[in-house]
Amino acid sequence: MSELSRRSLLLGGLAVASTGALAACSPQSGIQATPTFGAPTRLSPTPGQRVVERTLAAKPATLDLGGATVDTWAFGDTAPGPLIRATAGDMLRIRVDNQLPADTTVHWHGIALRNEADGVPGLTQNPIATGDSFLYEFTASDPGTYFYHPHVGVQLDRGLYAPLIIDDPREPGDYDLEWILVLDDWVDGTGRTPDDVLSELSAADGNSSEDMGGMDMGGGGMGGGGMGDPPFGDAGDVAYPHYLINGRVPTAPDVLRGKPGQRVRLRIINAGSDTLFTVALGGHRLTITHTDGYAVQPKEADAFYIGMGERYDAIVTLEDGVFPLVATPFGKQGQAMALIRTGAGSPPDPAVHPTELDGQILEATDLQPDEATRLPSRDPDATEMVHLSGQMTPYRWAINGSAYGKNEPIVIDKGDRVRLELMNMTMMTHPMHVHGHTFALPNGLRKDTVLVKPMASLAVDLQADNPGSWMTHCHNIYHAEAGMMIALNYRA
Ligand code: C2O
Ligand code: CU
């Protein structure tokens with residue numbers, strides 16, 4: 001499908017989903033005109049509120065990944081793009097200049113912000129056209145490790161991603177150093193763009209007589225070649241030529257320097273589009289302290305799994321020497337690596353396999369919430385089904401029986417405790433993300449992105465305290481673009 005027709009399809013779809021919130025018309029009536037949004041309402045700081053102002057240019061860029069040079073799109077001249085940092089309670093005022101040859105937007109992943117700054121074209125704003133700007137203004141209330149990325153097509157799989165850190169004014173700061181590690185799977189500029197990858201994945205459609213249609217509730221399917229390894233089975237469709245930490249390949253890694261005995265806070269962000277990683281630091285155990293911004297009861301592990309869109313913070317006490325921080329792509333070949341240097345020693349082989357990777361590997365469900373961040377338990381006022389279906393051949397993914405734009409938005413009421421029943425009827429793992437809220441796992445653990453294993457179900461509860469129209473989707477960007485998204489709308 002050409003870029004143009006694919007995009008108009010997407011916009012058509014977005015238009016339908018938005019109508020649930022914006023107008024009282026029937027979701028069955030098919031493709032409709034794209035709703036238009038005015039300029040965002042200006043937000044004034046409250047008395048004493050600090051304002052953090054930035055300008056971001058989304059533009060074509062040539063990047064050196066550490067030997068491999070690629071033409072891509074980035075926020076400025078690097079990937080990851082510029083760190084944005086503020087303190088909880090600050091107002092952010094960020095102007096995005098679109099210098100790309102395509103429409104774009106920016107989404108502030110994980111931030112419970114006001115709806116009109118959420119960056120979803122057709123749902124919260126018009127796409128930003130080439131040459132145009134958009135002003136994002138919002139208060140960032142909750143501290144934590146977040147990131148930002150576009151919400152148009154598969155642009156996330158270019159170089160358009162960067163960390164967003166909201167500091168906690170009450171953070172005890174019981175560490176000497178802080179390092180941000182952004183993981184990514186890289187294809188752009190290696191002979192294919194992410195749009196090419198999406199076309200390749202979708203090409204199977206043309207050869208297949210199978211029609212999943214809108215209502216194939218059976219799901220199932222091939223999932224790329226069998227069940228894969230435990231515990232996630234098949235967790236990605238794309239074999240990438242490179243896996244990166246902080247924009248670098250393992251043969252020319254990012255080097256982080258410290259002193260033996262120092263305590264370091266690691267903030268690890270999976271900005272990959274189709275890759276779940278296992279993360280370990282050779283010669284060290286990690287103490288996991290936060291996930292998706294929220295504090296957990298500290299838990300030690302040799303390594304941990306991190307899905308697309310998830311974040312983990314960990315504390316580590318540095319040993320003396322040179323150590324590999326490795327992220328291995330689950331079910332795929334190759335790895336990402338950064339180096340930690342606190343003393344003398346020669347760097348490890350870029351293909352090093354730290355023994356920690358064979359140790360005890362933590363999953364989100366092994367964590368308990370910190371008492372202060374636990375979502376107080378309460379019986380749900382409403383339960384909504386989020387039924388995930390689809391397969392590789394043909395490459396179609398859906399929520400509640402249909403692809404995004406054809407599925408009916410979920411409608412919730414302000415003030416309710418809403419239970420989302422995430423039911424995975426496919427042979428793949430999906431990192432499911434809800435915009436504008438954090439939800440709680442059954443034990444009260446707060447997350448905004450959670451891995452749902454093949455053929456498994458997970459109930460997550462959210463407090464409906466942030467009215468608007470919010471995207472809910474798989475953070476595998478190819479699945480999302482192929483339909484695995486749904487709007488979550490507050491009743492007007
Ligand atoms: Cu990073 Cu709609 O998400
Ligand atoms: Cu998915």
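Here are legends for four close-up views of this predicted model.

**View 1. The copper ion (ligand 2) and its protein donors.**
Three residues reach the metal in this view: His430 and His479 each offer ND1, while Cys474 offers SG. These atoms lie 2.0 to 2.1 Å from the copper ion. If you like to trace the site along the chain, look for the spacing H-x43-C-x4-H. Cysteine 474 has a relative accessibility of 0% and therefore counts as buried. Histidine 479 is likewise buried, because its relative accessibility is 0%.

**View 2. An open sheet of four strands.**
Follow the strands across the sheet and you will meet them in the order β3-β8-β7-β5, with mixed pairing. At the edges stand β3 (84–87) and β5 (107–109); each has a single partner strand, so one side of each lacks a neighbour in the sheet. On average, neighbouring strands here are turned by 25° against each other, direction ignored. The partner of β5 is β7 (residues 144–149), and the two pair in the antiparallel sense over three bridges. To find your bearings, start at tryptophan 108, whose bridge partner in β7 is tyrosine 148.

**View 3. Asparagine 407 in the loop between β22 and β23.**
This loop runs between β22 (396–399) and β23 (410–412). Is asparagine 407 buried or exposed? With a relative accessible area of 3%, asparagine 407 is buried, because the limit for that class is under 20%. Its side chain has a polar atom 2.9 Å from the backbone oxygen of methionine 485. A polar atom of that side chain also lies 3.2 Å from the backbone oxygen of isoleucine 399. Leaving out residues up to four places away in sequence, asparagine 407 touches Ile399, Ser402, Met485 and Ile486.

**View 4. Glutamine 49 in the loop between α1 and β1.**
Glutamine 49 is placed after α1 (3–22) and before β1 (51–64), in the loop between them. This residue is buried, with a relative accessible area of 16%. Which residues does glutamine 49 contact, once neighbours within four places in sequence are left aside? They are Gly89, Asp90, Met91 and Thr139. Glycine 89 is 40 residues from glutamine 49 in sequence, yet their C-alpha atoms are 7.2 Å apart in space. With threonine 139, the link runs from side chain to side chain: a polar contact of 3.0 Å joins this residue to glutamine 49.

Note on methods: Residues numbered from 1 in each chain as written. Chains lettered and ligands numbered in written order. Predicted model: local features only at pLDDT ≥ 70, side-chain atom pairs only at ≥ 80, totals over all residues. Heavy atoms only, no water. Donors = N, O, S within 2.8 Å, 3.2 Å for Na, K, Ca; no water. Buried < 20%, exposed > 50% of the residue type's maximum accessible area, 1.4 Å probe, protein only. Pairing = 2+ DSSP bridges. Axes fitted to C-alpha atoms, helices over the stretch in contact; angles between N-to-C directions. Polar contact = N/O pair within 3.5 Å; in protein donor to acceptor, adjacent residues only side chain to side chain. Contact = heavy atoms within 4.5 Å.
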